[in-house]
Amino acid sequence: MTGSFHHRQELLRREAEVQLRDRPLPSWQKRVLHRFAVERDNGWYPLLNQFAPHTPRQRPDLVLVGRMGVLVVLLRETEPDWEDSRAAFVWTAELLAGASIGSGMLSESVLSTVVVHPVEHTGRKGRSTDHLAITEDELDRLLKRGEQILTPDEVLALAKHLDSRTFDLTPIMWNSQRIPNQRGTVPQVLQEQVAASARHPFRDWRYFLDDAQLGAVRRSFSGPAQISGPAGTGKTTLALHRLAFLARRGHGKLLYTAPLAQVPERAASRFGQMAPELSGQIEFGSLHSWARDFLAGRGRPAEVDEQEVRRAFDAVWSREEVLPGIRNSPEYWKDEIDRVIKGRGVSSFDAYRTASRKGRGGSLPTDFRSHAWRFYCDYERELSERDVFDHSDVLKRALAELERRPLPRQYTAVVVDEAQELTLVGLRLAHAISGDEPDQLLLVGDGQQQASTGGWRLSEAGISLHGRGEVLRHDYRNRGTVLERAGQVEAVNRYDDGPSLPLSGALAVRSGGRVVDWHGHDQERALLGALLTLDDESSAAIITESEAATEHWLDVLRGAGVKALPLASWDGRDTSDTLVGTVLQAKGTEFRTVFLPAEPVAPEDTREDREAHERRRLVAMTRAQDHLWLSHLTRTR
């Protein structure tokens, strides 16, 4: 068998020699092409630039299509300029734009650029921002290793697609006219694959998007734009692909940010899987961390002592006599400061008296507002006496500093995920960071998933969308039964007035799923019993509304000998531990199974509090891919 194998390789190599003998290629390039030729039986389809060896410098010398993706190959004596490497990639990506295979539309992440040098090359090798550089004796590393992401039928379809789209590329060692077409028409094959994918998780979000997602990734927006859609429709996935798309077409820095720290951390991990060569071009971080680093770079204090801030607030609350009689909840009044007074940049009582409190519990009479303003002033004095400031101050100071002296160089693009959780000051800061130029600001959010209270209108931040928005409709995360149950939650959207779609209007891609509505007295015993019946491969999470409930369930699990890990300390990698955390900590996650234990609701909660509770409940429920367990405590007499 070994002799037969090597004999076959030799035959293919000689066939390639005959096919390329009239090409005035340097000997080392012919050796590379001969090496590629013997991989034909392993499912690789090479297409050579017809102008080689005089290929235009911003075009690939060769495109190689195989199970591990599409390789944009440059055969060069010396290292090419980054502009040439990137242009060759973009040229090939544009040829493949709109190719429909597998469970969706092909994304650019299936492509990678490789520069092959002669064996005597002594310059830089390895991966850079734009390409992988190797010598001809390292081709096995290219052709034999790596994740297989395409099926044989998809590989052939892509190779034929490239052959039909341009005269610049010509097949080597294969002829598209002589290779039989796939069974059935392309639309029929695609429908069959999508039907099959409906029974399983979406093939791979790194390489396939649906047509609406891919359209939004590649669309040119003339100014600030917005991506909305229910949970599970791929908003963050789209945002990451768009960052990669823009990064490959420019050389400046891009920023992905969000109000919640864990969201950028998890997005950075996902982006590293999708486009590792571009990771150095994208900054990932929360808006607070960006503001802190920005202020520190301008020589201004920016660190927040959270414990001292909490002591300052508790000290003022302990002396307060009026507000507990209006609403006996220190967190409510802390939110009033953070989300309305500081969050909206209110600087005087006259301004606060008429300030919008959208989503905060209806109107607050002037007399009550005067008490709230006095409480805020006492809080500010306490902070000053302790020589500390809070997170809201960091955003305000960063915005003021940017207004005083803008960034010397704008980001190529800024993506703000979970935008519905921003305060108005946070929104203004994101706008000041990005600017209004085409494709510079993309807001990603869904009002039904707003966990905090309070809202705003884009016009208040000086942002106009003028129809620059996309609404996603297909849910790829939740199976049909889970999606239907979560869609029954009455989660009122208080987030701006842009285009939106309720979860009940989302279209489930995957059928099936299981929802358990448990009723009883002993939910600890019931939840543990349900958890212990899961198979070992099931990723599971218990999602709570409060930190206190999180600590309680961690204690319950550990006391029962179940391995548990706080969501707050989870790095996003696969784990056999049961994860436990709050709704905010669960943002940007998904699990095969989600447990949602019941928690008491305060009788004095307002309509807005109950609305916020339902929105948080919807967020928790939609983290479940396949299995959702809901607890309904029965009161004992």
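**Close-up views of a predicted model**

**View 1. Helix 22 against its sheet.** Helix 22 (residues 607-621) lies across strand 20, strand 23 and strand 24, and runs at about 135° to strand 24. Please keep in mind that this is a predicted model.

**View 2. The open sheet that carries helix 22 and helix 19.** Here six strands form an open sheet with parallel pairing, in the order 19-24-23-20-22-21. Strand 19 (514-520) and strand 21 (564-566) are at the edges with a single partner strand each, so one side of each has no neighbour in the sheet. On average, neighbouring strands of this sheet are turned by 20° against each other, direction ignored. Helix 19 (residues 523-532) packs on the sheet and touches strand 19, strand 20, strand 22 (578-582), strand 23 and strand 24 (624-633). The direction of helix 19 makes about 160° with that of strand 24.

**View 3. Strand 20 beside strand 23.** Strand 20 (residues 540-544) and strand 23 (residues 591-596) run parallel and are joined by three bridges. Look for Ala 541, which stands opposite Val 594 in strand 23.

**View 4. A second open sheet.** This one also has its strands listed in order: six of them, 13-12-14-15-11-16, with parallel pairing. The edges are strand 13 (282-286) and strand 16 (469-471); each has a single partner strand, so one side of each is left without a neighbour in the sheet. From one strand to the next, the twist averages 15°. Within this sheet, three bridges join strand 14 (residues 413-416) to strand 15 (residues 441-445), and the two run parallel. Val 415 has Leu 442 of strand 15 as its bridge partner.

**View 5. Two helices on the second sheet.** Helix 10 (residues 287-297) lies across strand 12 (254-258) and strand 13, at about 105° to strand 13. Helix 17 (residues 424-434) lies across strand 12, strand 14 and strand 15, and runs at about 150° to strand 15.

**View 6. Helix 8 packed on helix 9.** Helix 8 (residues 235-247) and helix 9 (residues 262-274) pack at an angle of about 55°, and their axes are 11 Å apart. The two helices are therefore oblique to each other. Helix 8 passes helix 9 in a right-handed crossing. Helix 8 contributes Thr 236, Thr 237, Leu 240, His 241, Leu 243 and Ala 244 to the contact, while helix 9 brings Ala 267, Arg 270, Phe 271 and Met 274. Sorted by class, this contact has six nonpolar, three polar and one charged residues.

Methods: Residues are numbered from 1 along each chain as its sequence is written. This is a predicted model: local features need pLDDT of at least 70, side-chain atom pairs count only at pLDDT 80 or more; totals for chains, interfaces and linings use all residues. Side-chain values use heavy atoms; hydrogens and water are left out. Two strands pair if DSSP finds at least two bridges between them. Helices (H or I, at least four residues) and strands (E, at least two) are DSSP runs, numbered from the N terminus. Axes are lines fitted to C-alpha atoms, for helices over the stretch in contact, and angles run from 0 to 180 degrees between N-to-C directions. Contact means heavy atoms within 4.5 Å. Angles under 35 degrees count as roughly parallel, over 145 as roughly antiparallel, 65 to 115 as roughly perpendicular and the rest as oblique. A crossing is left-handed if the near helix is turned anticlockwise from the far one by less than a right angle, and right-handed if clockwise. Ala, Val, Leu, Ile, Met, Phe, Trp, Tyr, Cys and Pro count as nonpolar, Asp, Glu, Lys and Arg as charged, and the others, Gly among them, as polar.
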